[in-house]
Amino acid sequence: MKEFPHQLLPKSEPAMAISAVCVLFLALCATLAEEVKLKYKPATKPVRLFTEEELKRYDGSQEDQPIYLAIKGVVFDVTTGKEFYGKDAPYNALVGKDSTRAVAKMSLDPADLTSDTSGLTEEQLESLDSIFEDTYKTKYPIVGYTASRILNEDGSPNEDFKPEDQPHFQIKDEF
């Protein structure tokens, strides 16, 4: 009968070898887990759908309410940036609504405080994507989405809405 290497070891040594391999495997998993970090802040509350009227309630005018800002139909809780977005703060005009166009143009003009991106230049759209990814998605938790993004004006589901067909859509915008 041919002996295999593990049969040459005393009975306790194969068990120790297996244990050592398991410990190394667990150490490797722990090391890899440390390197895999969340890029985006998780929402602290359940994600919800906001109508324009609902979003207006979170404009920073009331001390006891959070401050919400929507960009590209994604609603962020910007309350931690109260010095920028709170009542009488420099960027308060952007909150309580979808301010996609204003962010793309870096404008506080009331005409730009809308979700409409038609007519924006390629440079403005790239700026929008950069600010959306590098500022808002990394600093502020997502608390919901604007209803206008996926509903018709009468409130019924927009059967034709496909996120992947939206201009500058990236699947990571949704998570």
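These are my notebook entries on aromatic rings, a sheet and a pocket in a predicted model.

**Entry 1, aromatic pairs.** I searched the whole structure for aromatic pairs and got 10. I took Phe76 and Tyr136 as one to look up; their rings are 5.8 Å apart, centre to centre, with 40° between the planes. I noted this pair as tilted. Next I looked up where the two residues sit in the chain. Phe76 belongs to strand S3 (residues 74-77) and Tyr136 to helix H6 (residues 122-139). With the two positions 60 residues apart, the pair links distant parts of the chain.

I then asked whether each of the two is buried or exposed. Phe76 has 0% relative accessibility, so I put it down as buried, the limit being under 20%. Tyr136 has 5% and therefore also counts as buried.

**Entry 2, a second pair.** I looked up Tyr85 and Tyr91. Their ring centres are 6.3 Å apart and their planes meet at 45°. This pair is tilted because an angle under 30 degrees would be stacked and one over 60 edge-to-face. Tyr85, at 6% relative accessibility, is buried. Tyr91 has a relative accessible area of 38%, and I wrote it down as partly exposed.

**Entry 3, the cluster.** Which residues form one aromatic cluster? I listed Phe76, Phe84, Tyr85, Tyr91, Phe132, Tyr136 and Tyr140. The residues of both pairs above are in this list. I also checked Phe132 for a charge over its ring. The charged end of Lys72 sits there, 4.4 Å from the ring centre.

**Entry 4, the sheet.** I traced an open sheet of four strands and wrote its order as S1-S4-S3-S2. The pairing is mixed. Strand S3, which holds Phe76, stands between S4 and S2 in that order. At the edges I found strand S1 (48-50) and strand S2 (68-71). Each of these has a single partner strand, so one of its sides has no neighbour in the sheet. From one strand to the next, the twist averages 35°.

I looked more closely at S1 and strand S4 (residues 142-146). The two run parallel and are joined by three bridges. Leu49 has Tyr145 in S4 as its bridge partner.

**Entry 5, a pocket.** I looked up the second largest pocket and noted a volume of about 320 Å³. It is lined by 18 residues, and the closest to its centre are Thr51, Glu52, Glu53, Thr146 and Ser148. Which helix gives the most to this lining? I found helix H3 (residues 52-56), with four residues.

Notes: Residues numbered from 1 in each chain as written. Predicted model: local features only at pLDDT ≥ 70, side-chain atom pairs only at ≥ 80, totals over all residues. Heavy atoms only, no water. Phe/Tyr/Trp six-rings, centres within 6.5 Å; stacked < 30°, edge-to-face > 60°. Buried < 20%, exposed > 50% of the residue type's maximum accessible area, 1.4 Å probe, protein only. Lys NZ or Arg CZ within 6 Å of the ring centre and 35° of its normal. Pairing = 2+ DSSP bridges. Axes fitted to C-alpha atoms, helices over the stretch in contact; angles between N-to-C directions. 1 Å grid on protein atoms, 1.4 Å probe; cavity = no way out; pocket = protein on both sides within 12 Å on 5 of 7 lines; lining within 4 Å. Points joined across faces, edges and corners; volume = space filled by probe spheres on them.
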